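User: Could you take a close look at the surface of this model for me, and then walk me through what surrounds the part you pick? I would enjoy one connected account rather than a list.

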Amino acid sequence: MAATFKRRRLINFTLFLVRDLFDYAIKERYLNDNPTLHIKLFDRPYHRLPESLTDDEVLRILKYADQKIKIIFELMLYAGLLVDEALC
């Protein structure tokens, strides 16, 4: 399934590039019409948004965490960082 998604994404990306090429040819007056506008793109898969913590969960983490974890957690919370970004 992942290979199919990657293949569809590559096809969509290639079609975007070809469309841009035809748009440039129209702009430079080499062509009058973009034939790629009639080609339908593959649908993008739905990506579920990550769940966020409730206010109660944040307060419980800050209450029971040791000082080092609190500092990292507050940095993530106030700067909007992901776990991987905060640990770098």
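Analyst:

**A nonpolar patch and its surroundings**

Happy to! Leu10, Phe13 and Leu17 together make a nonpolar surface patch of about 320 Å². Please keep in mind that this is a predicted model. One member of the patch, Phe13, sits in helix H1, which covers residues 2-27.

Phe13 is a good residue to follow, as Phe13 also appears in the lining of the second largest pocket. That pocket has a volume of about 200 Å³. Its lining brings together Phe5, Arg8, Arg9, Asn12, Phe13 and Phe16 with Leu41, Phe42, Asp43, Arg44, Pro45 and His47. By character, the lining residues split into 6 nonpolar, 2 polar and 4 charged. So what does a pocket search like this tell us in general? A probe the size of a water molecule, rolled over the atoms, shows where empty space is left.

Staying with H1 for a moment, Arg7 belongs to this helix as well. Arg7 counts as exposed because its relative accessibility is 51%, and the cut-off for exposed is over 50%. Arg7 also gives us a sense of distance across the model: its C-alpha lies 40 Å from that of Val58, and the two residues are 51 apart along the chain.

Between H1 and helix H2 (55-64) runs a loop, and Leu37 is found there. With a relative accessibility of 55%, Leu37 is classed as exposed. From C-alpha to C-alpha, Leu37 and Leu15 are 9.5 Å apart in space, with a separation of 22 residues in sequence. The loop between H1 and H2 also holds Arg29. The phi angle of Arg29 is near 65°, a positive value in a residue that is not glycine. Arg29 is exposed, at a relative accessible area of 76%.

Moving on to H2, how many salt bridges does the structure hold? There is 1, and its partners are the side chains of Arg60 and Asp56, at 3.5 Å from N to O. Side chains of opposite charge can pair when their charged atoms come close. Both residues lie in helix H2, 4 residues apart, or about one turn of the helix. Arg60 is partly exposed because its relative accessible area is 49%, and Asp56 likewise counts as partly exposed at 46%.

Val58, the distant partner of Arg7 mentioned above, leads us to the other pocket. Val58 is one of the residues that line the largest pocket, along with Pro50, Ser52, Leu53, Phe73, Met76, Leu77, Leu81, Leu82 and Val83. About 250 Å³ of space lies in this pocket. Helix H3, spanning residues 67-79, gives the most to the lining, with 3 residues. In the lining of this largest pocket, 9 residues are nonpolar, 1 is polar and none is charged, while the lining of the second largest pocket includes 4 charged residues.

To come back to where we began: Phe13 is part of the nonpolar surface patch with Leu10 and Leu17, and Phe13 also lines the second largest pocket. If you open the model on your side, Phe13 in helix H1 is a handy place to start looking.

Key
Residues are numbered from 1 along each chain as its sequence is written. This is a predicted model: local features need pLDDT of at least 70, side-chain atom pairs count only at pLDDT 80 or more; totals for chains, interfaces and linings use all residues. Side-chain values use heavy atoms; hydrogens and water are left out. On a 1 Å grid over the protein atoms alone, a cavity is a set of points where a 1.4 Å probe fits but cannot get out, and a pocket is an open set with protein on both sides within 12 Å along at least five of seven lines; lining residues have an atom within 4 Å of a point. Grid points are joined across faces, edges and corners, and a volume is the space filled by probe spheres set on the points. Helices (H or I, at least four residues) and strands (E, at least two) are DSSP runs, numbered from the N terminus. Ala, Val, Leu, Ile, Met, Phe, Trp, Tyr, Cys and Pro count as nonpolar, Asp, Glu, Lys and Arg as charged, and the others, Gly among them, as polar. Patches are made of residues with over 30% relative accessible area and no salt bridge: like charges are joined within 9 Å, nonpolar side chains (Val, Leu, Ile, Met, Phe, Trp, Tyr) within 5 Å. Accessible areas come from the Shrake-Rupley method with a 1.4 Å probe; for residues, only the protein chains shown count as cover. A salt bridge is a side-chain nitrogen of Lys or Arg within 4 Å of a carboxyl oxygen of Asp or Glu. Buried means under 20% relative accessible area, exposed over 50%, partly exposed in between (1.4 Å probe, protein chains only).
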